[in-house]
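Open the structure in your viewer and keep the selection tool at hand. This tour says what to pick next and what you will find there.

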Amino acid sequence: MKRYLCSIIIGMVVILSIGTYYVKVASSASSLPKYTFKTLEGSDKELDPVIINASLQNDSNFYEPLTIESNTTTYVSERSYLENLTGRQDHQIDRLVKEHRSFMRGKDSISSLYEDDDFLAYAWVNSKYTKSGNMEAKFDIGLLEKKDEEETSFQIELPNQGRIMNADVRDVQLVHSKLQVLTMNDVNSNNEKQTKEVHLYTIDVANKKVLSDKTLVSESFTDPEQVDFQMPIDVAPSQPNNMVFISVNKGVNHEDGFKEKLKESKLLSYNYETEKLETVKKGSLSLDMARSGYADGKNLYAVELKSGKYRVKTFDLSSQTLTNNTELDIAANKKEQDFAAIKNGRVYFLLGNEVDQDVLTNKPAKLLIADIKTGKTLYKGETVINKKNSKSFELIIDDLEIK
């Protein structure tokens, strides 16, 4: 009986401690300022899919992460213990977890997922180093048939893994019933040179084997020479997509940072259907636009600051031509943080506080939502704060996300 009584007492202490903690947290969070957007133009319904991840800071080294979602502020201390334990995930991952909980267990990388009306597929490189210093790597492969919720999952060795130091999955597609997995690999050259490669692995899920390992790009260099591969941000990273862009950026490391060799850098496109790798013609699309752009499978979009104006440019992937160049109705400031997102036929553009400043400015963040084709403003607003003592705080924007 004493043993059970002891357990009951311990349980009550734990419950009271947790309750006390959340009362204190709720009290603390309630004293913090809440940010909402005041509508200056357009409909506030346009705010529904907008998610802004940020933090509240002041001169006293105070720091508190927060999220403004559907025009409501939530501090990290206001979230449940479980939410803070798992961390904030991509909203697309959250949706997939809710719809296919069993299949999605342990899967949290959106670039490793593919989804269409019939299938949900997954590919990830699981690697470890042996005592001899060599890497052992396997593909973790999963396929879900949505109609009957039938799952297929298996591991298969990564081809030529003895020469690979690291493999990062960047895109997954299902083409003609075969899984296409695009990776960026660091390769062991066994000399002073370093080598980076882009690989495309074709995997037969039915027979659980790798059909081919195709090297799309391979670049070797010796320090201080450097090579970096980049891809535009995918607007819908898990959705079917016939084409990807890869920018190959060559440069030299200096004491003051990386200096790019623009004449030696290039932009490549790869078509999964035709299996053609092509170099995009110079002049039709700048490397800066490709690196900072957003791709949706049909077009590449980028927001640029030029001649004191923000403009959104549209590049047609099939014809490889610039089809639109629209000015955005928002004042330009080179010192302000800027964030962009493309989705739902709209460009979402957010301006935050000025960067590289020693003094807190506490300026309102400005949000513009415009039609991607016409540039017509659908919404314009700026943040307002509900607390009188909010002048001592500064809102630092981390990123802009659209549902």
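The stops below visit two sheets, the cores and one loop serine in a predicted model.

**Stop 1: a four-strand sheet**

Select S4, S3, S2 and S27. In that order they form an open sheet, and the pairing is antiparallel. Now look at the two ends. Strand S4 (72-75) and strand S27 (393-402) are the edges; each has a single partner strand, so one side of each has no neighbour in the sheet. Look along the sheet too: neighbouring strands are turned by 25 degrees against each other on average, direction ignored.

Zoom in on strand S2 (residues 50-58) and strand S3 (residues 63-69). Seven bridges pair them in the antiparallel sense. Which residue of S3 stands opposite isoleucine 52? Pick isoleucine 68 to see this partner.

**Stop 2: the largest nonpolar core**

Keep isoleucine 52 selected. Add Phe37, Val50, Leu350, Leu367 and Leu400. Together with Ile52, these have the most contacts inside the largest nonpolar core, a group of 24 residues. In soluble globular proteins, nonpolar side chains tend to be buried together.

Which elements give two or more residues to this core? Colour strand S1 (35-42), S2, S3, strand S23 (336-343), strand S24 (346-354), strand S25 (366-371) and S27. S27 supplies the largest share, five residues.

Now centre on leucine 400. Beyond its neighbours within four places in sequence, leucine 400 is in contact with Val50, Ile51 and Ile52, among others. Its further contacts include Phe339, Ala340, Ala341, Tyr348 and Leu350.

Another core lies apart from this one. It has 22 residues; select Met135, Ala137, Phe139 and Val172, which are among them.

**Stop 3: a five-strand sheet**

Select S14, S19, S20, S21 and S22. They form an open sheet in that order, with mixed pairing. Strand S14 (233-234) and strand S22 (321-327) are its edge strands, and each pairs on one side only.

Go to S14 and strand S19 (residues 294-295). They run parallel and are joined by two bridges. Pick isoleucine 233: its bridge partner in S19 is tyrosine 294.

**Stop 4: a serine in a loop**

Finish at serine 109. It sits in the loop between helix H3 (91-99) and strand S5 (113-115). Is serine 109 buried or exposed? Its relative accessibility is 15%, so serine 109 counts as buried, the cut-off being under 20%.

Show the side chains of serine 109 and serine 111. A polar contact of 3.2 Å joins them. Then add Ile93 and Trp124. Serine 109 is in contact with both, leaving aside its neighbours within four places in sequence.

Key
Residues numbered from 1 in each chain as written. Predicted model: local features only at pLDDT ≥ 70, side-chain atom pairs only at ≥ 80, totals over all residues. Heavy atoms only, no water. Buried < 20%, exposed > 50% of the residue type's maximum accessible area, 1.4 Å probe, protein only. Polar contact = N/O pair within 3.5 Å; in protein donor to acceptor, adjacent residues only side chain to side chain. Contact = heavy atoms within 4.5 Å. Pairing = 2+ DSSP bridges. Axes fitted to C-alpha atoms, helices over the stretch in contact; angles between N-to-C directions. Core = buried A, V, L, I, M, F, W, Y, C linked by side-chain atoms within 4.5 Å.
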